[in-house]
Amino acid sequence: MNKIDAALNKYYERFGENYPLCISENRTTDEIISDIELCIETGDKAEQPLYEEDVDY
């Protein structure tokens, strides 16, 4: 299992839901892992991406 998979699994174990990955974001794997670790440490879930109506994603 690689680092991102391990971090995503830890997030799921902590919050009971998947970390909100957005395919249009321009974050590196290390940035995502750092955010997941921060969420776990603080106990705060990551913010869900906001989607606008009438926009194709």
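What do the buried residues of α2 pack against? They pack against α1, and a walk through the chain will show how each helix takes part. Please keep in mind that this is a predicted model, in which local features need pLDDT of at least 70, side-chain atom pairs count only at pLDDT 80 or more, and totals for chains, interfaces and linings use all residues. Residues are numbered from 1 along each chain as its sequence is written, and side-chain values use heavy atoms, with hydrogens and water left out.

Let us start with the whole chain. The protein chain holds 2 helices and 0 strands; here helices (H or I, at least four residues) and strands (E, at least two) are DSSP runs, numbered from the N terminus. Along the principal axes, the C-alpha atoms fill a box of roughly 35 × 20 × 15 Å. Of the 57 residues, 21% count as buried, where buried means under 20% relative accessible area, exposed means over 50%, and partly exposed lies in between (1.4 Å probe, protein chains only). The chain exposes about 4800 Å², and carbon and sulfur atoms supply 46% of that area, as computed by the Shrake-Rupley method with a 1.4 Å probe. Among contacts (heavy atoms within 4.5 Å) between residues at least 6 apart in sequence, 60% join residues at least 24 apart.

Charge is worth a look too. There are 5 positive and 15 negative side chains, and the centres of the two sets lie 10 Å apart. Lys and Arg count as positive and Asp and Glu as negative, while His and the chain ends are not counted; each charge is placed at NZ of Lys, CZ of Arg, CG of Asp or CD of Glu.

Now turn to α1. This helix has 13 residues and reaches 18 Å from its first C-alpha to its last, close to the 18 Å expected at 1.5 Å a residue; the expected span is 1.5 Å times one less than the number of residues. Its buried residues are Ile4, Ala7, Tyr11 and Phe15. Seen down the helix axis, the buried residues of α1 fall within an arc of 65°, so they line one face; the arc is that of the directions from the helix axis to the C-beta atoms. The face turned away from this buried side carries the exposed residues Lys10 and Glu13. What covers the buried residues of α1 includes α2.

Between the helices, the loop joining α1 (3–15) and α2 (29–42) contains Asn18. At 58% relative accessibility, Asn18 counts as exposed. Leaving aside residues up to four places away in sequence, Asn18 touches Tyr11 and Tyr12. The C-alpha atoms of Asn18 and Gln48 are separated by 10 Å, although these residues are 30 apart along the chain.

The partner helix, α2, has 14 residues that should span 20 Å, and its end C-alpha atoms are 20 Å apart, which agrees. Ile32, Ile33, Ile36 and Cys39 are the buried residues of α2. Viewed down the axis of α2, they fall within an arc of 120°, so they line one face of the helix. Asp30 and Glu41 are exposed on the face turned away from that buried side.

Finally, follow the backbone onward. Gly43, just after α2, takes a positive phi of about 80°. In the segment after α2 you will also find Asp54, which has a positive phi of about 60° although it is not a glycine. Asp54 is exposed, with a relative accessible area of 82%.
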